[in-house]
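Welcome! Open your viewer, and let us walk through this protein one selection at a time.

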Amino acid sequence: DGAGSAAEITVDGEKKEKLTSGISSVTWKVTDMTGYTVAENSKDDEQWKQEFINRKIKFDLLEGEKREDCKVLTLTVEAADRAGNTQTVERKIIVDQTAPTWQWLEAPEQGAYVHEASFQVKIQERYFVPEKALLTVSHDGTESVLPLSGNGNEQVTITKVSDSQEDVQNPVDYTDEREIVYQLTFTQDGAYDLALDVTDQY
């Protein structure tokens, strides 16, 4: 999520048959990709030393644009009981405040007459999801909304041309320089109006 949003943690220490000592403390911290601690609670915070805990905390997430290392944060929570047993859980937090951008490549001018209409659209987005990239095609009084994840319809064929970071295995390793190109080919005569709406994953 973006700036001003918050993450929530719930620690549940509800009494169970084999739980005899109770939770003595809970500590948490958020670190960036360099290991720098972005936020943490105090180990002396009495609110986190109740015998049975079931509560939530919130902390602000830093703006991703300000520090590249804050694009991916790690949340670490450690709970300890009075017998000295501990358990640690880690979760990745992705900060995404950058909206997708896109542009037509070698597209005909507005109102142009062409014999063959085939051109490309280039999308720049770190967390691109083709199902959330919707092409609206108006043709001779009919309107269709087509996700770029599909092949199009009888009026337009959609073909993925390239993804500059296609080999990335883990989504947290994408960068803002990622570019995806699609080819659009129009197969029927008539006038076309086009609109593209791109929403990223987060």
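How many bridges join strand S9 to S10? Select residues 133-139, which make up strand S9; 6 bridges join S9 to S10, and the two run antiparallel. Before going on, keep in mind that you are looking at a predicted model.

**Stop 1: the sheet around S9**

Stay with S9 and pick out Ser138: Glu143 in S10 stands opposite this residue. Now widen your selection to the whole sheet. It is an open sheet of 3 strands in the order S10-S9-S13, with antiparallel pairing. Colour strand S10 (142-147) and strand S13 (192-198), which stand at the edges. Each has a single partner strand, so one side of each is left without a neighbour in the sheet. Turn the view and look at the strand directions: neighbouring strands here are turned by 15° against each other on average, direction ignored.

**Stop 2: another sheet**

Next, select the strands S3, S2, S5 and S6. These 4 strands form an open sheet in the order S3-S2-S5-S6, and the pairing is antiparallel. The edge strands are S3 (37-40) and S6 (86-94), each pairing on one side only. From one strand to the next, the twist averages 20°.

Zoom in on strand S5 (residues 72-81) beside S6: this antiparallel pair is held over 9 bridges. For an example, click on Val77; its bridge partner in S6 is Val89.

**Stop 3: the aromatic rings**

Time to show some side chains. A pair of aromatic rings is described by how far apart the centres are and by the angle of the planes. The count for this model comes to 5 aromatic pairs. Select Trp104 and Phe119: their ring centres are 5.4 Å apart and their planes stand at 90°, so the pair is edge-to-face. This pair links distant parts of the chain, with Trp104 in strand S7 (residues 101-105) and Phe119 in strand S8 (residues 117-124), 15 residues apart.

Are these two rings' residues buried or exposed? Trp104 counts as partly exposed, because its relative accessibility is 28%. Phe119 has 7% relative accessibility and therefore counts as buried.

Now add Trp102, Phe186 and Tyr192 to your selection: ring pairs link these residues with Trp104 and Phe119 into a cluster.

**Stop 4: a charge over a ring**

For the last stop, show the side chains of Arg178 and Tyr174. The charged end of Arg178 sits over the ring of Tyr174, 4.0 Å from the ring's centre.

Notes
Residues are numbered from 1 along each chain as its sequence is written. This is a predicted model: local features need pLDDT of at least 70, side-chain atom pairs count only at pLDDT 80 or more; totals for chains, interfaces and linings use all residues. Side-chain values use heavy atoms; hydrogens and water are left out. Rings of Phe, Tyr and Trp (its six-membered ring) pair if their centres lie within 6.5 Å; planes under 30 degrees apart count as stacked, over 60 as edge-to-face and the rest as tilted. Buried means under 20% relative accessible area, exposed over 50%, partly exposed in between (1.4 Å probe, protein chains only). A charge sits over a ring if NZ of Lys or CZ of Arg is within 6 Å of the ring centre and within 35 degrees of the ring normal. Two strands pair if DSSP finds at least two bridges between them. Axes are lines fitted to C-alpha atoms, for helices over the stretch in contact, and angles run from 0 to 180 degrees between N-to-C directions.
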